[in-house]
Amino acid sequence: MQKEQDKPLKGCAVEGRNVAPVGCRCPECGYEVEMFSDELNTTCPKCGKDVTMKVCALESS
Ligand SMILES: [Zn+2]
């Protein structure tokens, strides 16, 4: 069995992702869409409109 722990975890972005769920309001229908902070866009499950992180940032500021 190999000692995985001995390997430096540089560049490993899979575990311990530093992401946080962000609540975004759909610009089209106002539905609150949850997306993660490492996503650039998602789709509103209600109306199908693209909800981008840009919209999110505008919303939260
Ligand atoms: Zn919507």
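Q: How many helices and strands does the secondary structure of the chain come to?

A: Helices (H or I, at least four residues) and strands (E, at least two) are DSSP runs, numbered from the N terminus. Here the model, which is a predicted one, has one helix and four strands, and from the N terminus on the elements run β-β-β-β-α. Because this is a predicted model, local features need pLDDT of at least 70 and side-chain atom pairs count only at pLDDT 80 or more, while totals for chains, interfaces and linings use all residues. Residues are numbered from 1 along each chain as its sequence is written.

Q: Which elements have the lowest and the highest mean pLDDT?

A: The pLDDT is the predictor's confidence in each residue, from 0 to 100. Helix H1 (residues 53-60) has the lowest mean, 78, and strand S4 (residues 50-52) the highest, 94, while the chain averages 80, with 70% of the residues scoring at least 70.

Q: In which sense do S1 and S2 pair?

A: Two strands pair if DSSP finds at least two bridges between them. S1 and S2 pair in the antiparallel sense over five bridges, and Cys-24 stands opposite Val-33 in S2. In this hairpin, which has six residues between the strands, Gly-30 takes a positive phi near 85°.

Q: Why does Gly-30 count as exposed?

A: A residue is buried if 20 or more other C-beta atoms, placed from the backbone, lie within 10 Å of its own, exposed if 12 or fewer, and partly exposed in between. Gly-30 counts as exposed because it has 10 C-beta neighbours inside 10 Å. In S2, the count of buried residues among its five residues is zero, and of the 61 residues of the chain, 7% count as buried.
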